[in-house]
Amino acid sequence: MDRTTAVEKAFTKAIDRYDDHADLQREVADKLYRKFSPFPNGDWLEIGCGTGFLTQKLLNAIPQKLFANDLSQKMLEALPNDPRLVRVPGNAETMELGNNYSLIASSFAIQWFENPEKGLPHLADKLKKGGKMVVSLPLAPSFKEWEMFVLERKIPFTLNPLIAPEDLLKSLEAKGYRTHLSLEYYPLFFSSPWAFLSWFKGVGANVSLRKERMPISFLRELTNNKGPFNTGITVGFLEVEYV
Ligand SMILES: C[S@@+](CC[C@H](N)C(=O)[O-])C[C@H]1O[C@@H](n2cnc3c(N)ncnc32)[C@H](O)[C@@H]1O
């Protein structure tokens with residue numbers, strides 16, 4: 001199975017449990033909206049809309065039209081019916097998405113791109129002059145405590161690599177876009193290490209794009225580890241302006 005199909009399948013599978021597990025994603029979508037709104041009038045494009053945490057907020061802000069993209073057709077079907085909403089299924093990294101958008105928005109999706117450093121300027125190129133792109137995404141360093149937990153037990157670290165903040169901006173700035181990035185650290189508290197892994201599964205993020213896998217024996221052992229497990233995630237809030 002190729003990478004895109006694996007990501008699409010994981011999210012489609014998670015659709016019924018996503019909203020119950022995705023408090024962090026809901027909070028981040030709210031914050032992204034509050035931080036960067038109001039948005040310029042015109043046609044808007046959302047990338048990786050999922051079940052629609054950000055989509056709903058964007059619709060409330062009265063866009064002319066909102067083009068909502070996601071890899072998963074099932075995710076798009078979960079969006080509310082609205083005459084201003086156009087569903088756009090497919091891989092935003094490679095598909096034709098049109099241009100002349102006054103806003104491009106995305107919350108917690110671009111980290112799934114094969115090449116976010118290339119994908120972001122590719123999206124920004126679809127803005128019209130005076131438009132802006134607003135993005136939230138997890139960045140490195142994140143989940144350091146999990147990395148230590150597995151490495152101490154000589155188990156491979158299988159979480160997907162995340163981009164470093166400085167690498168996110170290079171290609172956008174090289175193209176002349178004005179950028180502003182702020183970072184926020186969200187601590188995460190779990191009743192056990194197993195509960196941490198279950199959370200990943202609940203939000204569809206359990207598809208490992210690395211080759212190595214955690215051994216089944218380790219996962220079995222983990223179900224007996226009852227201690228609390230705390231970690232955290234760095235979230236980047238990025239604004240890109242085409243001035
Ligand atoms: C973690 S969910 C976030 C969904 C929503 N934006 C939110 O904040 O809850 C990531 C979403 O991005 C979508 N996605 C991942 N890679 C994508 C790609 N290359 N093109 C379009 N959508 C993608 C997934 O299908 C999934 O619905």
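This is a short talk on the sheet in this structure and the shell around its ligand.

Okay, so keep in mind that we're looking at a predicted model. Let's start with the sheet. It's an open one with seven strands and mixed pairing, and the order reads β3-β2-β1-β4-β5-β7-β6. Out at the edges you have β3, residues 85-89, and β6, residues 178-190. Each of those two has a single partner strand, so one side of each is left without a neighbour in the sheet. As for twist, neighbouring strands are turned by 15° against each other on average, if you ignore direction.

Now stay with β6 for a second. What does β6 pair with? That's β7, residues 229-241: the two run antiparallel and are joined by 13 bridges. If you want a spot to click on, F189 sits opposite N230 in β7.

Two helices to point out here. α3 packs on the sheet and touches β4, β5, β6 and β7, with its direction at about 30° to that of β7. Then there's α9, residues 193-202, which also packs on the sheet, touching β6 and β7, and its direction makes about 30° with that of β7 as well.

On to the ligand. There are 26 residues around the ligand, and the ones that come nearest are G48, G50, A92, A109 and W112. Which elements supply at least two residues of that shell? Those are α1 (3-13), α4 (53-60), β2 (65-70), and our friend α3 (23-36) again. α1 gives the largest share, with three residues. And by class, the shell has 16 nonpolar residues, seven polar and three charged.

Notes
Residues numbered from 1 in each chain as written. Predicted model: local features only at pLDDT ≥ 70, side-chain atom pairs only at ≥ 80, totals over all residues. Near = placed C-beta within 6 Å. Helix = DSSP H or I, 4+ residues; strand = E, 2+ residues; numbered from the N terminus. Nonpolar A, V, L, I, M, F, W, Y, C, P; charged D, E, K, R; others polar. Pairing = 2+ DSSP bridges. Axes fitted to C-alpha atoms, helices over the stretch in contact; angles between N-to-C directions. Contact = placed C-beta atoms within 7 Å.
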